[in-house]
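Let's take a walk through this protein together, starting with a single spot and widening the view as we go. Please have the sequence and the 3D view open side by side.

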Amino acid sequence: MSSSKRQSILPRVQSGPKAPVNFSSSIIIADSALLAGHHTINISSESVVHPRAKLDSSNGRITIGRRCIVHERTSIGAVSADPTPSESRDGVVLSDYATVEVGAVIESGGTMIGEGCVIGVGCQIGKGARLGKCCTLTPQSVIRPWEIVPDFTVVYSNGTRRLDKRGVAELKHKAQARQIEVLRKLIPSNPAKFQG
């Protein structure tokens, strides 16, 4: 008889030094999330970090705002190939209600993701990039290092851009809060594993 527990086919990820953390008491963080680095990782209230998400603060502090969702196999705080030094002490800042979908990579070095942004599956955001409020990156989109994306911009993987004039930011926030309530029931959370 075989075991009913599923096993990942992905190789185990090597972790670095244990990162100092500052968590809100209401976060949801999976036991198999990977937090590493020397700088502090701050996660605000009601945010969700899925299994196998990697937060690496080796190159700067990581701040995740309120009601953010970080999906599986994302890499936040990745090392950049860009040799330009960053003046910011922050590695990556995710503002409130941001969503980072599966396999997205956000490089460290003063990178700012605006409130309500959705970073699509497999996107890459370069070091020092700044996304305005309520931007949407479709799957496989690339934002170059130090690029500035204005508020409400939709970026397509082929480089095309448009402004989102629907005015649905408040509806998206309500939907995000409902999704977090569902995830609270589905993801076993263990913040104590990462503290102390």
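Where is the place of Tyr 97? Look in the loop between strand E10 (90-94) and strand E11 (99-100), and you will find Tyr 97 there. Keep in mind as you look that this is a predicted model. The backbone of Tyr 97 deserves a glance, with phi near 65°, a positive value in a residue other than glycine. Is Tyr 97 buried or exposed? Its relative accessible area is 13%, and the cut-off for buried is under 20%, so Tyr 97 counts as buried.

Another loop invites a similar look. Cys 134 sits in the loop between strand E16 (130-131) and strand E17 (136-137). Phi of Cys 134 is near 55°, again a positive value in a residue other than glycine. With a relative accessible area of 8%, Cys 134 is buried.

Now return to strand E11, where Thr 99 is found. Thr 99 has 7% relative accessibility and therefore counts as buried. Which residues is Thr 99 in contact with, leaving aside its neighbours within four places in sequence? They are Ile 69, His 71, Cys 117, Val 118, Ile 119 and Gln 176. If you click through these residues in your viewer, you can see the surroundings of Thr 99.

Next, let's turn to the aromatic rings. How many aromatic pairs does the count come to? The count comes to one aromatic pair. The partners are Phe 23 and Phe 194, whose ring centres are 6.5 Å apart. Their planes stand at 75°, and angles over 60 degrees count as edge-to-face, so this pair is edge-to-face. Phe 23 belongs to strand E1 (residues 21-23), while Phe 194 lies in the segment after helix H1 (169-186). The pair therefore ties together parts that are 171 residues apart in sequence. Both Phe 23 and Phe 194 are buried.

The segment after H1 is also the place of Asn 190. Here the surroundings are worth a look too: Asn 190 is partly exposed, with a relative accessible area of 28%. Not counting residues up to four places away in sequence, Asn 190 touches Ile 29 and Asp 31. For a sense of distance, try Asn 190 and Ile 148, which are 42 residues apart along the chain. The C-alpha atoms of Asn 190 and Ile 148 are separated by 36 Å.

Finally, zoom out to the whole chain. What does the secondary structure of the protein chain come to? It comes to one helix and 21 strands. The radius of gyration is 16 Å, close to the 16 Å that the globule rule gives for 196 residues, so the protein chain is as compact as a globular protein of that length. Taken along the principal axes, the C-alpha atoms fill a box of roughly 55 × 40 × 35 Å.

Of the 196 residues, 46% count as buried. Among contacts with a separation of 6 or more, 30% come from residues 24 or more positions apart. On the outside, the protein chain exposes about 10400 Å², and carbon and sulfur atoms supply 53% of that area. As for charge, the protein chain has 25 positive and 16 negative charges, and their mean positions are 5 Å apart.

Key. Residues numbered from 1 in each chain as written. Predicted model: local features only at pLDDT ≥ 70, side-chain atom pairs only at ≥ 80, totals over all residues. Heavy atoms only, no water. Phe/Tyr/Trp six-rings, centres within 6.5 Å; stacked < 30°, edge-to-face > 60°. Helix = DSSP H or I, 4+ residues; strand = E, 2+ residues; numbered from the N terminus. Buried < 20%, exposed > 50% of the residue type's maximum accessible area, 1.4 Å probe, protein only. Rg over C-alpha atoms; globule rule 2.2 N^0.38 Å. Contact = heavy atoms within 4.5 Å. Areas by Shrake-Rupley, 256 points an atom, 1.4 Å probe, with all protein chains shown as cover. Lys, Arg positive; Asp, Glu negative; His and termini not counted. Charge placed at Lys NZ, Arg CZ, Asp CG, Glu CD.
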